[in-house]
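Welcome! Here are a few exercises to help you find your way around a new structure. Try each task yourself before reading the solution.

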Amino acid sequence: MFCKLASGEIAAGTVYSDDRVVAFRDVAPAAPIHVLIIPRRHIENILAANKADEALLGHMLTAASRIARQEGIAESGFRLVINCNEDGGQSIDHLHIHLLGGRKLGWPPG
Ligand SMILES: [Zn+2]
């Protein structure tokens, strides 16, 4: 599913896209704003990212900031999350950043 999204086969719910990343709304939102930011190129998870991916990873973060502003949660605050493997709660094997906001988020996370 994620790879289809990354390749542009599925465009529903897209909130941002450019030549390197796509961002779309989570189908099971955990907060009023819950966007997933993914690289178009397949990277299984953060452990699979290497030095050659550093510019792409940085681009994902600046895209996340841009989307937070676009979604109107930059001032109130938001959280970026990367889950990895089973204990981290990674459910799909394509690297993604969760952008969460629109309510007060608890700490520590569950
Ligand atoms: Zn993929």
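A residue is called exposed if 12 or fewer other C-beta atoms lie within 10 Å of its own, buried if there are 20 or more, and partly exposed in between. Keep in mind that this is a predicted model.

**Exercise 1. Find the exposed face of H2.**

Task: Which exposed residues does the face of H2 turned away from its buried side carry?

Solution:
- Start with the helix itself: H2 has 17 residues. From its first C-alpha to its last it reaches 24 Å, close to the 24 Å expected at 1.5 Å a residue.
- Next, pick out the buried residues of H2, which are Met60, Ala63, Ile67 and Ala68. They cover an arc of only 140 degrees around the axis, so they sit on the same side of H2.
- Now turn to the face directed away from that buried side: there you meet the exposed residues Glu54, Ala55, Gly58, Leu61, Thr62 and Arg69.
- Finally, look at what covers the buried residues of H2: the cover includes strands E1 (14-17), E2, E3, E4 (78-81) and E5.
- Just past the helix, you can spot Gly72, with a positive phi near 80 degrees.

**Exercise 2. Lay out the whole chain.**

Task: In what order do the elements of the protein chain run from the N terminus on?

Solution:
- Count the elements: the protein chain has three helices and five strands.
- Read them from the N terminus, and the order is α-β-β-β-α-β-α-β.
- Then consider the overall build: the radius of gyration is 13 Å, close to the 13 Å that the globule rule gives for 110 residues, so the chain is as compact as a globular protein of that length.
- Along its principal axes, the C-alpha trace spans about 35 × 30 × 25 Å.
- For contacts with a separation of 6 or more, 59% are between residues 24 or more positions apart.

**Exercise 3. Explore the core.**

Task: Which element gives the most to the largest nonpolar core?

Solution:
- Begin with the core: it holds 19 residues, and those with the most contacts inside it are Val21, Ala23, Val35, Ile37, Ile67 and Leu99.
- At least two core residues come from each of E2 (21-25), E3 (33-39), H2 (54-70) and E5 (97-101).
- E3 gives the most, with five residues.
- Zoom in on Val35: leaving aside neighbours within four places in sequence, its contacts are Val15, Ala23, Phe24, Arg25, Asp26, Ile67, Glu71 and Leu99.

**Exercise 4. Follow the pairing of E5.**

Task: In what sense do E3 and E5 pair, parallel or antiparallel?

Solution:
- E3 and E5 pair in the antiparallel sense, over five bridges. Leu36 has His98 of E5 as its bridge partner.
- E4 and E5 also pair in the antiparallel sense, over four bridges. Here Val81 has His98 of E5 as its bridge partner.
- As for burial, E5 is mostly covered, with four of its five residues buried.

**Exercise 5. Place a loop residue.**

Task: Is His42 buried, partly exposed or exposed?

Solution:
- Locate His42 in the loop between E3 and H2.
- Count its surroundings: 14 other C-beta atoms lie within 10 Å, so His42 is partly exposed.
- Last, check a distant partner in sequence: Asp93 is 51 residues away along the chain, and the C-alpha atoms of His42 and Asp93 are separated by 9.0 Å.

Definitions and conventions: Residues are numbered from 1 along each chain as its sequence is written. This is a predicted model: local features need pLDDT of at least 70, side-chain atom pairs count only at pLDDT 80 or more; totals for chains, interfaces and linings use all residues. The radius of gyration is taken over C-alpha atoms; the globule rule is 2.2 Å times the number of residues to the power 0.38. Two residues are in contact if their C-beta atoms, placed from the backbone, lie within 7 Å. A nonpolar core is a set of buried Ala, Val, Leu, Ile, Met, Phe, Trp, Tyr and Cys residues joined through C-beta atoms within 7 Å. The expected span of a helix is 1.5 Å times one less than its number of residues. The arc is that of the directions from the helix axis to the C-beta atoms. Two strands pair if DSSP finds at least two bridges between them.
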